[in-house]
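Here's a quick tour of the backbone oddities, the packing and the empty spaces in this one. Have a look at the model first, then read on.

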Amino acid sequence: MQKVSNKVLWVIIALLSFLFLGESVFFRHQIKETVKYYYKRTDTFIKDTMDINDFLNCDINEKSIVIFEPNNYHLECMPGFVKYYTDLGYNVDILMRDGCEESMDRFEPKDKIRIFKFREIKNIEFYADKIFGKCKKYDYSMIHTADPHRKDMIFRLRYKENPNSIFVLHNFKSLEVLGLEEFREKDQLFGLADYGTLNYVNPNYFGNVAEHKKNEQTTFYITSSPKRDYTPLIAAANKLDSQGANFKIHVTGHTDTFCKEMIPENLKKHFEFHGKVSYQKMYSIIEQSDFIIINLDPDLKEDNYFRTERATGSAQLGYGFHKPIIISSEFADTYKLTDDTAVIYDNKDMLPAMEKAINMTGDTYDTMVENMKDLCKKIYDISLENVKKALKIQ
């Protein structure tokens, strides 16, 4: 084996040292910049984030309400409920899951709210007694989702022992399961649909909404929800495609009940599936859409619950974003929708409604949008009066 001379060896060492020194300087700079970046991110995070301990130790502002949401869903309701309280002069503290705070990004005025976050329900359960004691110090304490499957947690937090508790029931059955009759008598049970059984408060505020003109390509928005039948929509889309109609359907949702695999190849160009998205992404998609489709079938047992004991969140999205709605005639009255604010269809046949929406002139569309604004305002006024009842405001 040939030996390397000392001179050549030193040249190699010098060259490697130079390269290493250069790389080190470069990487030191990169590391420094990276550290600065994450320090700023962490510093912002620390300033903006408060946890359960912060909640338990914070001073409570005068005239304050606390809201607790145990789940990572139903957050589309949060800005609307908070808005009623702040419009009545209250400060609002919110206890919600880490990662859900983006649902409040559009809310104003932000100086009237504080957000405290937790990672898991077990964190709440660990501090249950202290949380109960803290909540009793507020003017009112609202649980944002009082559902039967949260019965043990609601009892653990002793909401029924606090006479100033307010419960949002997303399912009327919760009244009996949780034994909340005394709170109904005090108007402290909120229902999102006007069934005449609970205090009707519909949260349809999402922040400032951009003005919208009908798209040249008519754009629909729909959610992928469990146990729904989407075959009428696909059938209507197939017929529209054969007519050469210019339309697009945007789909979001936490489930894959309705997914791109269900769409025939010739229709894929008309559908865009976004999957599970953030609330702000969903709001952006809705803002850019022309119509919201509420896919409820009167022949399906699960769907009929949305006429008697539950409420579809798509309706309040329609109110708040001033979007005309495509809906079955069997459900329109439940959500205060008429021909002025919705395109209504019969017998599960969506085709005529979607044709009407696609062929609608800009002027007619603008009129429907204004009508939806009026409906939103009427619902707000009714709801605000009902919130006053709960808060004993004359």
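## Backbone oddities

Start with His322, which sits in the loop between α12 (313-321) and β12 (325-328). Keep in mind that this is a predicted model. The phi of His322 is near 60°, a positive value in a residue that isn't glycine. Most residues other than glycine have a negative phi, and most peptide bonds are trans. Is His322 buried or exposed? Its relative accessibility is 18%, so His322 counts as buried, the cut-off being under 20%.

Asn347 also has a positive phi without being a glycine, at about 55°. You'll find Asn347 in the loop between β13 (342-345) and α14 (351-359). Asn347 counts as exposed because its relative accessibility is 74%, and the cut-off for that is over 50%. Then there's a cis peptide bond from Glu108 to Pro109, with omega near 5°. Pro109 belongs to the loop between β2 (91-97) and β3 (113-118).

## The nonpolar cores

The largest nonpolar core has 58 residues, and Tyr85, Phe190 and Leu337 have the most contacts inside it. Helix α15 gives the most to this core, with seven residues. What does Leu337 touch, leaving aside its neighbours within four places in sequence? Its partners are Tyr319, Ile325, Ile327, Ala332, Ala342, Ile344, Met372 and Leu375.

A second core, separate from that one, has 31 residues, including Phe247, Phe258, Leu267 and Ala353.

## One helix with a buried face

In helix α5 (residues 128-135), the buried residues are Ala128, Ile131, Phe132, Lys134 and Cys135. Looking down the axis of α5, you'd see these buried residues fall within an arc of 165°, so they line one face of the helix. As background, an α-helix has 3.6 residues a turn, so residues three or four places apart point the same way.

What covers the buried residues of α5? Helices α2 (52-57), α4 (121-126) and α6 (151-156) are among the elements doing so, along with strands β1 (64-68) and β4 (140-143).

## The big pocket

If you're after open space, the largest pocket has a volume of about 1200 Å³. It is lined by 41 residues, and those nearest its centre are Tyr73, His74, Glu76, Ser225 and His254. By class, the lining of the largest pocket breaks down into 13 nonpolar, 19 polar and nine charged residues.

Which elements each supply at least two residues of the lining? They are β8 (218-223), α10 (279-287), α11 (301-308) and α12. The largest share of the lining of this pocket, four residues, comes from α12.

## Closed cavities

Closed spaces turn up too: there are six cavities of 30 Å³ or more. The largest cavity holds about 90 Å³ of space. It has 13 lining residues, of which Gly191, Leu192, Tyr195, Leu198 and Glu309 are the closest to its centre. Sorted by class, the lining of the largest cavity has seven nonpolar, four polar and two charged residues.

The second largest cavity comes to about 70 Å³. His322 shows up again here, as one of the residues lining the second largest cavity; Val209, Ala210, Glu211, His212, Phe321, Lys323, Tyr365, Val369 and Lys373 are in the lining as well. Helix α15 (residues 362-390) provides the largest share of this lining, three residues. By class, the lining of the second largest cavity has five nonpolar, two polar and three charged residues.

Definitions and conventions. Residues are numbered from 1 along each chain as its sequence is written. This is a predicted model: local features need pLDDT of at least 70, side-chain atom pairs count only at pLDDT 80 or more; totals for chains, interfaces and linings use all residues. Side-chain values use heavy atoms; hydrogens and water are left out. On a 1 Å grid over the protein atoms alone, a cavity is a set of points where a 1.4 Å probe fits but cannot get out, and a pocket is an open set with protein on both sides within 12 Å along at least five of seven lines; lining residues have an atom within 4 Å of a point. Grid points are joined across faces, edges and corners, and a volume is the space filled by probe spheres set on the points. Ala, Val, Leu, Ile, Met, Phe, Trp, Tyr, Cys and Pro count as nonpolar, Asp, Glu, Lys and Arg as charged, and the others, Gly among them, as polar. Buried means under 20% relative accessible area, exposed over 50%, partly exposed in between (1.4 Å probe, protein chains only). A nonpolar core is a set of buried Ala, Val, Leu, Ile, Met, Phe, Trp, Tyr and Cys residues joined through side-chain atoms within 4.5 Å. Contact means heavy atoms within 4.5 Å. The arc is that of the directions from the helix axis to the C-beta atoms.
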